[in-house]
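Student: I should like to learn how to read the features of a protein model. May we go through them in turn, with the general idea first and the case afterwards?

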Amino acid sequence: MFELHASKVANLKNDVLSGLTVSLALVPEAVAFAFVAGVGPLVGLYAAFIVGLITAIFGGRPGMISGATGAMAVVMVSLVAIHGIEYLFATVVLTGVLQILAGLFKLGKFIRLVPHPVMLGFVNGLAIVIFLAQLGQFKVTNDAGVLAWMQGTQLLVMFGLILLTMAIIHFLPKLTKAIPSSLVAIVVVTLLAQGLDLDARTVVDFVRDMTNDPAASIAGGLPQFSIPSVPFSFETFQIILPFALILAAIGLIESLLTLTLIDELTGTRGHGNKECIAQGAANTVTGFFGGMGGCAMIGQSMINVNSGGRGRMSGVTAALALLGFILFGSSLIEQIPLAALVGVMFIVVIGTFEWSSIRILGKVPKADAFIIILVSGVTVATDLAIAVVVGVIVSALVFAWEHAKHVVVNRSINDKGSTVYDVSGPLFFGSVSGFLEQFDLQGDSDDVIVDFKDSRVADHSAIEAIDTLADRYISHGKQMHLRHLSKECTQLLTKAGSLVEINVIEDPEYFIATDKLG
């Protein structure tokens, strides 16, 4: 079912060290997203632990990190505000069930339909979102009790520690790769800040600012099993279903796109449908243990991959270390300067952003350049799922518009006196009008042959167009034969009936996406 690379010492070492690095960065992220969703810090931390652990063991992409995410948190906030946190837990359980069903019905394969310009826009937009999210770390609670931008010495210290963190991460691998540079940077900056007693904000300062509680902490106990305290009624189902559908879609889209990105970085292939089921199981369990649910986290996944984490043990280590921080090590973790974690994330931003996409904007088709910019903008303005859906729709419309012009019908007369029409190009909803206009019903002979050897009949609109053409020839007292149609098309041709003539030997078989690679 799963492998932990136990037989490969080097890989195991890299996975464990990388997982420790990721776990340190998970703490403020989980707390921040819990705050966005309107719930307590432990709700986010429990979600990061449970979702991270289950997906690391059973997911379809070793090395990918999952946990509480901002894309899902922004959907949860209105549910929590209106109906309370127990409804959130029930929604997370239903979200998991929907994601499991998506995996069982093998819907994960559809992520392969996302065009490359959409992927570029997704990655660039996400890098901008990660960068903007870090700006919140530059705010502190002022004397009036509200968050305000840092000033003076505190701001200079923040910048200095961030630059030091980034410098260590950049230059240390040139000297040695034995230990993840991100982990070394966090430890060095923490010791420096503590040793020099610098005025640097720490993780505990961030938690207390987010909760507006001067005694707040990330310390806690083990998550406890509890059935959500909501009425088991159809009315409850009506309340949580819309939220669950949105959360399931956002979670799967973000996870599968992150999976695809990690595939490209590592030169390996993950399994989308397996990841859908694992994400669903993780969210279902999380809902019963007081967590806010989650999905794949591209920022932490990038930290993991860049630090050498490739196997499942990296995700397992990150999740277990996070639980250890909650149970035993909260006092130590709370002293980590936020500047160190921000520096790590800034390096992730630089590595995530596709800088080459700026250079190629003037070299690719204008439609593709527009899609890259559009998806990036929508990602920043709304969320990743909406951006990807918008990008795919625009790409599909552009494709349809361009290929609607490519259907050409050539007319000739064969040696038997029959009129022959050779169709070339795809026949689909966008091209049927142009297809029908190219036939000369009045001037054709009584016997007409329409040959689809160089064409692909793509959808039901195309089938209807062929039926319409058959009806027109029937109304003119002429006989029409259809040749070289695929088996799928001949099964759907109802009106043509006995008029359909099929050459079984030469008729092509079209192979479409299957579930074997899902």
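Tutor: We begin with how elements are named: helices (H or I, at least four residues) and strands (E, at least two) are DSSP runs, numbered from the N terminus. By that naming, Ser307 lies in the loop between helix H11 (298-306) and H12. Please note that this is a predicted model, in which local features need pLDDT of at least 70 and side-chain atom pairs count only at pLDDT 80 or more, while totals for chains, interfaces and linings use all residues. Residues are numbered from 1 along each chain as its sequence is written, and side-chain values use heavy atoms, with hydrogens and water left out.

Student: Is Ser307 buried or exposed?

Tutor: The terms rest on relative accessible area: buried means under 20%, exposed over 50%, and partly exposed in between (1.4 Å probe, protein chains only). Ser307 counts as buried because its relative accessibility is 12%. Contact means heavy atoms within 4.5 Å. Leaving aside neighbours within four places in sequence, Ser307 is in contact with Asn14, Ser18, Thr21, Pro180 and Ser182.

Student: What does the chain contain as a whole?

Tutor: The chain has 19 helices and 8 strands. Its C-alpha trace spans about 95 × 55 × 55 Å along the principal axes. Of the 518 residues in the chain, 52% are buried. Among contacts between residues at least 6 apart in sequence, 80% join residues at least 24 apart.

Student: How does one judge a helix, and where does H12 bend?

Tutor: An α-helix has 3.6 residues a turn, so residues three or four places apart point the same way. The expected span of a helix is 1.5 Å times one less than its number of residues. Helix H12 (residues 312-333) has 22 residues, yet its end C-alpha atoms are only 24 Å apart, short of the 32 Å that a straight helix would reach. The bend at a residue is the angle between axes fitted to the seven residues ending there and the seven starting there; H12 bends by about 80° at Leu327.

Student: Why is H12 described as largely enclosed by the rest of the structure?

Tutor: The description holds because 16 of the 22 residues of H12 are buried.

Student: Which residues does Ile130 touch?

Tutor: Ile130 belongs to helix H5 (residues 116-134), and with 10% relative accessibility it counts as buried. Not counting residues up to four places away in sequence, Ile130 touches Ile298, Gly299, Met345, Val348 and Val349. By contrast, the C-alpha atoms of Ile130 and Gly103, 27 residues apart along the chain, are separated by 28 Å.

Student: In what order do the strands of the open sheet lie?

Tutor: Strands of a sheet pair through backbone hydrogen bonds, either parallel or antiparallel. Here, two strands pair if DSSP finds at least two bridges between them. The open sheet has 4 strands in the order S5-S6-S7-S8, with mixed pairing. Its edge strands, S5 (408-413) and S8 (479-483), each pair on one side only.

Student: How many bridges join S6 to S7?

Tutor: S6 and S7 run parallel and are joined by 8 bridges; Gly425 stands opposite Ser455 in S7. S7 and S8 also run parallel, with 5 bridges, and the bridge partner of Asp447 in S8 is Gln479. S5 and strand S6 (residues 419-427) are antiparallel over 6 bridges. Across that pairing, Asn410 stands opposite Asp422 in S6, and Ser412 has Val420 as its bridge partner.

Student: Which strands does helix H18 lie across?

Tutor: Axes are lines fitted to C-alpha atoms, for helices over the stretch in contact, and angles run from 0 to 180 degrees between N-to-C directions. Helix H18 (residues 460-475) lies across S6, strand S7 (447-457) and S8, running at about 175° to S7.

Student: What should one look for in phi values, and which phi does Lys106 have?

Tutor: Most residues other than glycine have a negative phi. Lys106 has a positive phi of about 60° although it is not a glycine; Lys106 lies in the loop between helix H4 (85-104) and H5, and counts as partly exposed at 34% relative accessibility. Asp197, also not a glycine, has a positive phi of about 55°. Asp197 is placed in the loop between helix H7 (181-195) and helix H8 (203-211), and is exposed, with a relative accessible area of 67%. In the hairpin of S5 and S6, which has 5 residues between the strands, Gly417 takes a positive phi near 85°.
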